[in-house]
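Fancy a short workout with a protein chain? Take a look at what comes next, then try each exercise before reading its solution.

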Amino acid sequence: MHPILLSYVPVADMVARTFGEDCEVLLHDLTTPQHSIVHAANNRVTGRRIGESFRNLVQKALFSGDRGEGEDFVANYYYEHEGRLIRSSSLLIRDEKGVLIGAMCINVDCTHLRENMRWLSRAMPDFDEAGLARASARKTEAPVEGDRNVQKMVYDLIDKILDEARDTDTKERRIEVIRFMNERGIFLMKGALERVADRLGISKVTVYSYLDEVRKK
């Protein structure tokens, strides 16, 4: 674990205990992105474990409707996980030079709240579910354009993933790394494909062909 992240461990535990069994807090060391989870407080919500990788961090940054330009946190991003509605917020953690080194992600299971709202809507026909509908639909909104902070985060992740992967001289290894990045939404960010091509020393067309191969499976 990166030394700076050690101070966030008690914060993660405090938040999880404060909000109870429906809240989990995951601490990610993004200097080792393929095994980023270094601390999991009350991991009952998603079942994530130490040694696993991040999943929705990039999507949160791109699609969240509750994030200001240039902010290092994403608040109230909703997504479905195994039939449950998860409300998630993430804080990006940087070192003294401003380099992205980690993230603290808070996940809250809101499934019972959604079920209660639906019960109320049946019991009270005039009950308005519009707020819930808007929250659930956020993940389908268009990506935020022109946010340099999000772009920098994605580019930093690309660099760290490729630095950790190292042996990328063979086609098989390159496809494996591109599959990992594709599954985590890296290529949703404009310019990410070009960044990967430049780092791997191959053409954009080659990266496109690898992506096609990955997405067909």
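Helices here are DSSP runs of H or I with at least four residues, strands are DSSP runs of E with at least two, and both are numbered from the N terminus. Keep in mind that this is a predicted model.

**Exercise 1. Take stock of the chain: how many helices and strands does the secondary structure come to?**

Step one is the tally: eight helices and five strands. Step two is to put them in sequence order, which gives α-β-β-α-β-β-β-α-α-α-α-α-α. Step three is to see how much is tucked away: of the 217 residues, 46% count as buried. Finally, turn to the outside, where the accessible surface comes to about 11,500 Å² and carbon and sulfur atoms account for 50% of it.

**Exercise 2. Work out the order of the strands in the sheet, and find which strands are at its edges.**

Start with the order: the five strands form an open sheet, 2-1-5-4-3, with antiparallel pairing. Now for the edges: strand 2 and strand 3 each pair on one side only, making them the edge strands. As for the twist, it averages 20 degrees from one strand to the next. Then zoom in on one pair: strand 1 and strand 5 run antiparallel and are joined by seven bridges. In that pairing, L26 stands opposite C105 in strand 5.

**Exercise 3. Explain why the buried residues of helix 1 line one face of the helix.**

First, pick out the buried residues of helix 1 (residues 9-19): they are V9, A12, V15 and A16. Next, look down the helix axis: these buried residues fall within an arc of 130 degrees, so they line one face. On the other side you'll find P10, M14, R17 and T18, which are exposed. Now ask what the buried residues touch: they pack against strand 1 (23-29), strand 2 (37-41) and strand 5 (100-109). Helix 1 lies across those three strands, running at about 165 degrees to strand 1. Last, step past the end of the helix: G20 follows, and its phi is positive, near 85 degrees.

**Exercise 4. Decide: is Y78 buried or exposed?**

Begin by placing Y78, which sits in strand 3 (residues 73-81). Then apply the cut-off: buried means under 20% relative accessible area. Y78 has a relative accessible area of 14%, so Y78 is buried. To round things off, try a distance: S89 is eleven residues from Y78 along the chain, and their C-alpha atoms are separated by 9.0 Å.

Definitions and conventions: Residues numbered from 1 in each chain as written. Predicted model: local features only at pLDDT ≥ 70, side-chain atom pairs only at ≥ 80, totals over all residues. Heavy atoms only, no water. Buried < 20%, exposed > 50% of the residue type's maximum accessible area, 1.4 Å probe, protein only. Areas by Shrake-Rupley, 256 points an atom, 1.4 Å probe, with all protein chains shown as cover. Arc of directions from axis to C-beta. Contact = heavy atoms within 4.5 Å. Pairing = 2+ DSSP bridges. Axes fitted to C-alpha atoms, helices over the stretch in contact; angles between N-to-C directions.
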